Amino acid sequence: MARWLKQARSAEARAEDASKVRATVEAALADISARGDAAVREMSGKFDGWTPESFRLSDAEIQACIDRLSPRDVEDIRYAQAQVRAFAQAQRDALQDVEVEIQPGVILGHRNIPVNAVGCYVPGGKYPMVASAHMSVVTAKVAGVPRIVTCAPPYKGRPADAIVAAQALAGADEIHVLGGIQAVGAMALGTETIAPTDMLVGPGNAFVAEAKRQLYGRVGIDLFAGPTETLILADETVDGELCAADLLGQAEHGPTSPAVLVTTSEKLARETMAEVERQLAVLPTGETAGAAWRDYGEVIVVEDLAEMAQVADAIASEHVQVMTSDDDYFLRTMTNYGALFLGPRTNVAYGDKVIGTNHTLPTLKAARYTGGLWVGKFLKTCTWQKVLTDEASARVGEVCSRLCALEGFAGHKEQADIRVRRYGGRNG
């Protein structure tokens, strides 16, 4: 039976008062819908202190941002994007259009059609999240999206050079220095200067996440996002120092980010808890990570790998780091996770920043029913059909007519009957 050596706050205590966020977002989106650019400018000034003549960067301004980076920084961005692009292309190549003659004279098929316009949000208020540009823009580009719009907030009062460079190098068509609800609302609803998009993707704070939730339906979204989560599955083959580093590496995202260790070794569990405290004392982001560990950290001791997998599937974490004597066991058996990181030589930071898999992943147990952002999210699988012969149309029509009658749909039935009469050689 699983035993908790450290448990997170109760669900009741952890429940955020989301009503204020919902009301704020609802009012802001209504304002953007009504007043367009004027509302966006007011919100940007209020929340980010940023009211430039134009939120969209010119080609010269974009190049200036790139030029301010070191050659090594640019090279590293290109390297990361090459990995993301290569994996996204492999995924795209696996998605084939279909055309099949399902019966004589009847052809059915589907096409994978890119969304026409996508809005990519790149967070950058607290940390300039350069990698989010790779994950959204590069992946959309590989999918074949014709128009890709990006928004990222100013960082310390000006455009974030590295984010702008990443957006440009990834292939964004429009780059705006704009953050928060106002960015998401402008991309979804459109203003006088920003044409609306068909889909919103990318992580963000609670207000951005709520704005995407409220806009869903009017536009598509990648997924509903909550705070970053990490889960470590480990046994005595690794040590507490490594486990603690991997827990805190994700806990630094924010004070509500769950960080959980599930282990078969109580010795490792206690070593890890001690190491967490030691590392928090020297970690520059220790205040944030410490708050997350205090309120949302958990340590669970289980009997064996089978129970470990069972507990992990129940948690359904965004990130699952596996460091055991049989890492592939979890690849074979687990079903609920955003992404798996197998073995001590990999880690969540690799996936977040550079290795090539996408870092926009399901949270809040959504891994039970969805995976993360990938090239397929930007594609619509649309079906088509063609009936080639009179005989086929009459054959299908006779069955369709009877089924429509069974359901009481007279108009549907006549659609079938008229074709049976015309193509089946019957006049009555």
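A residue is called buried when its relative accessible area is under 20%, exposed when that area is over 50%, and partly exposed in between (1.4 Å probe, protein chains only). The structure described here is a predicted model, in which local features need pLDDT of at least 70 and side-chain atom pairs count only at pLDDT 80 or more, while totals for chains, interfaces and linings use all residues. Residues are numbered from 1 along each chain as its sequence is written, and side-chain values use heavy atoms, with hydrogens and water left out.

A good place to begin is the overall picture. The protein has 428 residues, of which 49% count as buried. Its C-alpha trace spans about 90 × 60 × 45 Å along the principal axes. The fold contains 17 helices and 14 strands; these are DSSP runs numbered from the N terminus, with helices (H or I) having at least four residues and strands (E) at least two.

Salt bridges come next. The structure holds 17 of them, each being a side-chain nitrogen of Lys or Arg within 4 Å of a carboxyl oxygen of Asp or Glu. One of these pairs joins E266 to R3, with the closest N and O atoms 3.0 Å apart. Because E266 belongs to helix 11 (residues 266-280) and R3 to strand 1 (residues 3-6), this pair ties together parts that are 263 residues apart in sequence. E266 also meets R270 in a salt bridge, again described by an N to O distance of 3.0 Å. Here the two partners both sit in helix 11, four residues apart, or about one turn of the helix. R3, E266 and R270 are thus linked in a network of salt bridges. Each member of the network can be placed by its accessibility: E266 is partly exposed at 29%, R3 is partly exposed at 38%, and R270 is partly exposed at 45%.

Another pair, D326 and R332, forms a salt bridge with an N to O distance of 3.5 Å. D326 has a relative accessible area of 29% and is therefore partly exposed, whereas R332, at 57%, counts as exposed.

The empty space in the model can be explored next. Rolling a probe the size of a water molecule over the atoms shows where empty space is left. On a 1 Å grid over the protein atoms alone, a cavity is a set of points where a 1.4 Å probe fits but cannot get out, and a pocket is an open set with protein on both sides within 12 Å along at least five of seven lines; lining residues have an atom within 4 Å of a point. Grid points are joined across faces, edges and corners, and a volume is the space filled by probe spheres set on the points.

The second largest pocket encloses about 350 Å³ of space. It is lined by 24 residues, and those closest to its centre are F87, G338, A339, T357 and N358. Helix 5 (71-93), strand 13 (339-342) and helix 15 (348-353) are the elements giving two or more residues to this lining, and helix 5 gives the most, with four. By class, the pocket lining has 13 nonpolar, eleven polar and no charged residues. In this grouping Ala, Val, Leu, Ile, Met, Phe, Trp, Tyr, Cys and Pro count as nonpolar, Asp, Glu, Lys and Arg as charged, and the others, Gly among them, as polar.

One cavity of 30 Å³ or more is counted. The largest cavity has a volume of about 40 Å³, and its lining consists of A152, P153, P159, A160, I163, V164 and V177. That lining has seven nonpolar residues, with no polar and no charged ones.

On the surface, V98, V100, I102 and L108 make a nonpolar patch of about 290 Å². Strand 2 (residues 98-103) gives the most to this patch, with three residues. I102 is found in strand 2, and its 52% relative accessibility makes it exposed. Patches are made of residues with over 30% relative accessible area and no salt bridge, like charges being joined within 9 Å and nonpolar side chains (Val, Leu, Ile, Met, Phe, Trp, Tyr) within 5 Å. Accessible areas come from the Shrake-Rupley method with a 1.4 Å probe, and for residues only the protein chains shown count as cover.

Finally, the backbone deserves a look. L364 has a positive phi of about 55° although it is not a glycine, and this residue is found in the loop between helix 15 and strand 14 (379-387). L364 is exposed, at 58% relative accessibility. K365, found in the loop between helix 15 and strand 14, has a positive phi near 70° and is partly exposed at 36%.
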